[in-house]
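Trainee: Hi, have you got a few minutes to go through a model with me? I'd like to start with the helices.

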Amino acid sequence: MPATDRDPAADPEALRRHPRLFRAVTRRRQPRLRRTDITVTEETSVRRAVRAASLGNAMEWFDFGIYAYLAVTLGHVFFPSGNDTVQLLSSFATFAVAFLVRPLGGMVFGPMGDRLGRKKVLALTMILMAAGTFAIGLIPSYASIGFWAPALLVFFRMVQGFSTGGEYGGASTFIAEYAPDRRRGYFGSFLEVGTLAGYVAAAGLVTALTTWLGHDTMEAWGWRVPFLVAGPLGLIGLYLRLRLDETPAFQKLESESAPSAVAPAEATATGGLARIFRQQWPALILCVALVCAYNITDYMVLSYMPTYLSDELGYSETHGLLILLGVMVVLMLVVTRVGRLSDRFGRKPVLMTGMLGFLLLSLPAFLLIGRGGVPAVTAGMLMLGLSLVCMLGTMSAALPALFPTEVRYGSLAVGYNVSTSLFGGTTPLVITALIGATGSNLMPAYYAMGAALVGVIAVACMKETARRPLDGSPPSVATPEEATELVLAQTPEPRF
């Protein structure tokens with residue numbers, strides 16, 4: 001084998017005999033960074049991108065939050081009267097239906113985003129999500145059209161789920177590729193501010209309407225109002241997204257593949273889903289495990305808890321929503337600080353803190369909640385919420401870094417949505433069924449602890465990616481001075 005083809009680590013004797021030759025080969029394979037290789041992102045551009053992506057995410061969770069918080073009401077409106085538990089299970093089963101088509105949406109929109117660009121696909125998912133949610137607000141009740149009411153509800157939930165399949169993967173990729181390497185956790189955490197803002201808006205609107213109109217009026221027509229609000233919100237989000245430029249990382253990837261007419265077609269045909277599953281399967285498995293732990297705990301705390309408080313513990317729906325609303329406001333205030341911590345100390349320590357929090361604190365938290373009383377319930381909810389915020393503030397920066405630029409959107413969309421479909425969206429249904437089968441109100445705690453154990457193992461297996469360039473992308477910095485500092489850091493000190 002020629003000396004230039006050898007791995008120095010595998011042949012130390014050759015390295016000792018020909019040090020200059022191997023240094024030259026290393027420089028050729030790994031050339032030093034030039035100033036033009038480094039992306040300098042303007043603060044205003046990053047903030048505009050973060051705002052547009054976060055608003056879309058807020059709308060997604062506003063839509064899903066509405067359904068979760070109106071689950072009892074929707075069960076009465078869209079399903080035959082009789083057993084309240086059966087109606088609730090039917091409502092949650094319809095909630096879960098949207099998650100069955102999310103992987104399909106991810107498999108369609110993800111590779112499309114890698115081929116056509118992040119911006120165009122995110123605009124399309126925004127249109128579909130707004131249309132699906134708005135249409136649910138127009139469906140007649142079961143008493144009016146019978147079987148067609150739940151059938152239409154399932155159809156439009158599937159439209160929602162299909163569009164959402166391309167939303168989170170695209171939005172987190174968009175922010176990650178815009179953000180400077182040293183602040184990716186901070187800017188990525190704003191995506192979860194959008195998540196919490198969507199939930200807060202949904203909980204606040206449902207609570208206000210229920211208090212103002214009363215339960216009978218809510219079942220008659222008041223439930224439609226939150227769904228119809230999604231139409232105007234979708235148009236605002238679409239406007240903001242269409243004003244954005246494509247991410248610097250995708251622009252560079254596009255410019256590098258432009259001279260070759262074969263590259264884009266190859267990336268679409270053989271390098272799409274087949275390439276993702278063939279080449280990225282280790283990272284996909286890790287992504288599925290992380291998202292499993294993240295989404296089970298996320299949907300349990302932010303979607304299921306109001307139903308748990310009202311159906312299992314006897315609180316009024318308004319009471320449960322108000323407590324959750326207060327907890328979510330607290331999480332919104334601290335989530336960006338958690339993002340900063342992940343930039344400073346690393347993704348792994350912050351994520352591990354959240355996973356261990358659920359593993360060790362879930363049972364004490366639900367025992368507190370079960371005692372009743374506002375102080376005990378609030379303390380238990382905060383124990384769960386502060387564990388969750390360690391994931392909320394970190395995942396949107398950690399997950400995109402698992403995959404290279406050319407397949408990042410597609411890989412993340414597939415891995416995230418497969419896991420969400422299997423574990424996240426089914427959480428309210430599974431927990432309700434487990435409580436019904438065992439009679440134990442502590443089943444949510446045991447379920448969260450099992451998910452957290454999976455998360456602990458996944459975090460232990462992942463690589464640290466904080467303050468490092470994304471795989472397949474050039475370094476990204478906030479200022480020209482920082483770029484110059486990077487270039488100079490490669491220059492060896494002179495010898496005398």
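Mentor: Happy to, and keep in mind that this is a predicted model. Let's begin with helix α13, residues 224–242. At 1.5 Å a residue, its 19 residues should span 27 Å, and the end C-alpha atoms are 29 Å apart, so the two agree.

Trainee: Where is the kink in α13 centred, and about how many degrees is it?

Mentor: The kink is centred on proline 232 and comes to about 25 degrees.

Trainee: Which residues of α13 are buried?

Mentor: They are Arg224, Pro226, Phe227, Ala230, Gly231, Gly234, Gly237, Leu238 and Arg241.

Trainee: And what covers those buried residues?

Mentor: The cover includes α3 (43–69), α4 (71–78), α7 (118–136), α10 (167–178), α11 and α12 (215–222).

Trainee: Let's pick a residue in α11, then. Is alanine 201 buried, partly exposed or exposed?

Mentor: Alanine 201 sits in helix α11, which runs over residues 184–213. Its relative accessible area is 36%, so it is partly exposed, falling between the 20% and 50% cut-offs. In space, its C-alpha is 6.5 Å from that of phenylalanine 62, although 139 residues separate the two in sequence.

Trainee: Changing topic: which residues touch the most other members in the largest nonpolar core?

Mentor: That core has 116 residues, and the ones touching the most other members are Tyr69, Phe78, Leu290, Met328, Phe358, Met395 and Leu399. Helix α17 (residues 281–312) gives the largest share of this core, with 17 residues.

Trainee: What is methionine 395 in contact with, leaving aside neighbours within four places in sequence?

Mentor: Methionine 395 contacts Tyr168, Leu290, Tyr294, Leu351, Met355 and Pro400. Apart from the largest core lies another one of ten residues, among them Ala52, Phe109, Val121 and Tyr409.

Trainee: How many disulfides does the structure hold?

Mentor: Zero. As for individual cysteines, cysteine 292 is buried because its relative accessible area is 7%, under the 20% cut-off. Cysteine 390 counts as buried too, at 12%.

Trainee: Last one, serine 476. Buried or exposed?

Mentor: Buried, because its relative accessibility is 6%. Serine 476 belongs to strand β2, residues 476–477.

Trainee: What lies 3.4 Å from a polar atom of its side chain?

Mentor: The backbone oxygen of alanine 179 does. Beyond neighbours within four places in sequence, serine 476 is in contact with Thr39, Thr41, Tyr178, Ala179, Pro180 and Asp181.

Technical notes
Residues numbered from 1 in each chain as written. Predicted model: local features only at pLDDT ≥ 70, side-chain atom pairs only at ≥ 80, totals over all residues. Heavy atoms only, no water. Helix = DSSP H or I, 4+ residues; strand = E, 2+ residues; numbered from the N terminus. Buried < 20%, exposed > 50% of the residue type's maximum accessible area, 1.4 Å probe, protein only. Polar contact = N/O pair within 3.5 Å; in protein donor to acceptor, adjacent residues only side chain to side chain. Contact = heavy atoms within 4.5 Å. Disulfide = S-S within 2.5 Å. Core = buried A, V, L, I, M, F, W, Y, C linked by side-chain atoms within 4.5 Å. Expected span 1.5 Å × (residues − 1). Bend = angle between axes of the 7 residues up to and from the residue.
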